[in-house]
Amino acid sequence: MTRTDWTRDEIAALFDLPFTELLFQAASVHRAHFAPDEVQMSTLLSIKTGGCPEDCGYCNQSTHAETGLKATKLMDVRAVLQAAAQAKDNGSSRFCMGAAWRNPKDRDMPAIVEMVKGVRQMGMETCMTLGMLSEGQAAQLAEAGLDYYNHNIDTSPERYGDVITTRTFEDRLETLDHVREAGINVCCGGIVGMGETRGDRVGFIHALATLPKHPESVPVNALVPVKGTVLGDMLHDTPLAKIDQIEFVRTVAVARITMPESMVRLSAGRESMSDETQALCFMAGANSIFTGDKLLTTGNAGDDKDAALFARLGMRAMAGEVKAELEAAE
C-alpha cells in the first residue's frame, strides 16, 4: 500500500543521502512502477494570458508584475483545438490548458467545457489549470470528461506567505478537495529555486506526500526568473539563491521515492538545464515532460531538442491512456 504518512524527518533523511545512493533508491522505486525508458509527453497552452489579480512573486502574468506582458481574452475554442491537433501530431499524449485567472467566471465555463470535450475526442488526455474552483465548476469539468486538474501548492506551507499573499495555502487545498470530490485526477507540484532552503523543499514534498491521496501528476518546476517579478528581480540581484542542478535532481528523486505511483514531470526551467542534468532526472524517476518551444509564456526546450535527447538516451514517448481506451473500444 502506498504510504501517505511520511514524516519530515524521513524526507529530510532522503535529501541527506549520498547522491548516488539517493538515485539508486529512486531508480529502484521508479522501475517497480513504470517502464524506465518511457516518458509521457505533454503540451501546455496558455488559453488566456496575463491580467491575473494574484500577486504570485514568480509569475509574469500577475497584474502586480512589471514585465510588459499584455493581457489577452480567452482563446477561441477552434484555435485551441487546432493547437491540440498540432501537439498530438508532434507526439504529445496530454494537452494542458492554462488560464491566468484567480478563478474562472461562470460565463467562461461553456467554452472551457467545449475545449475539454474537443481535445478528449482527439484521443488525448486533458488537463486544465484555471485557478481556484468551486464545487459546481469542478463538477462541470468532470462531466465534460476532464482527466486532470492542475493546481500547484508552489512551496512549503511555511514559505507560502512569502511568495503569495492574495490567497492562502488552505485555499489551494480546498480547490484540490473539490477536484478530488468531482472524480478528476489531481496534478499538483510546485517550484524550486525561489530562494528557499532545503527545509522548505522538505516541507513542499511532505505536503504533497501526506495528502490523503497522492497527486497523479507532480510537476517539479525550476524557477525561470523574469525581470519585473518579485522573485525574478531578487534572483537577478542574488544569483546564488538559485537552486543548483544537483539539488534539483535530489528534489526529483525524493518526490519519486515518496510518491512512487505518481507521474513526476520536469516542467519549467528545462530550457536552461544541460542534457546531463535531464538524464539524471530521468534516472531519478522523472517520467513526464512538457514539449514544445513554449510553456505558458516562457521558453521551453523544443520538440527537436527533445527528440535528439531521447535518441541519445534511448528513451521513448509513453502512449496516452485515452488513446489506449479508444483503441480498445474499437
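1. A quick term before the strands: two strands pair if DSSP finds at least two bridges between them. On that basis, β1 and strand β10 (residues 316–317) pair up, with two bridges joining them in parallel. E38 is the β1 residue standing opposite R316 of β10. Keep in mind throughout that this is a predicted model.

2. Strand β1 has other partners too. Four bridges tie β1 to strand β9 (residues 288–291), again running parallel, and here S42 has F290 as its bridge partner. Strand β2 (residues 94–99) is joined to β1 by six bridges, also parallel, with L45 facing M97 across that pairing.

3. How enclosed is β1? Eleven of the eleven residues in this strand (residues 38–48) are buried, so β1 is largely enclosed by the rest of the structure.

4. On to the nonpolar packing. The largest nonpolar core holds 85 residues, and the ones touching the most other members are I47, Y58, M128 and F248. Helix α10 (residues 245–258) gives this core its largest share, seven residues. There is also a second, separate core of six residues, with L44, C96, C127 and Y148 among them. As background, nonpolar side chains in soluble globular proteins tend to be buried together.

5. I47 deserves a click in the viewer. Setting aside neighbours within four places in sequence, I47 is in contact with K73, L74, M75, V80, M97, G98, A99, I112, M115, M128 and L130. Note that M97 turns up here as well as opposite L45 in the β1–β2 pairing, and that M128 is listed with I47 for touching the most other members of the largest core.

6. Which helices should you look at next? Try α2 (residues 19–33) and α10: their axes come within 9 Å and cross at roughly 40°. The crossing is left-handed. On the α2 side, the contact uses F19, L22, L23, Q25, A26, V29 and H30, while α10 brings I246, V249, R250, A253, V254, R256 and I257. Sorted by class, that makes ten nonpolar, two polar and two charged residues.

7. Last, an arginine to check. R172 sits in helix α7 (residues 169–181). Is R172 buried or exposed? Its relative accessibility is 3%, and the cut-off for buried is under 20%, so R172 counts as buried. Not counting residues up to four places away in sequence, R172 touches C56, Y58, H151, N152, D154, Y160, I164 and R167. Y58 in that list is also one of the residues touching the most other members of the largest core.

Note on methods:
Residues numbered from 1 in each chain as written. Predicted model: local features only at pLDDT ≥ 70, side-chain atom pairs only at ≥ 80, totals over all residues. Heavy atoms only, no water. Buried < 20%, exposed > 50% of the residue type's maximum accessible area, 1.4 Å probe, protein only. Core = buried A, V, L, I, M, F, W, Y, C linked by side-chain atoms within 4.5 Å. Contact = heavy atoms within 4.5 Å. Axes fitted to C-alpha atoms, helices over the stretch in contact; angles between N-to-C directions. Left-handed = near helix turned anticlockwise from the far one by under 90°. Nonpolar A, V, L, I, M, F, W, Y, C, P; charged D, E, K, R; others polar.
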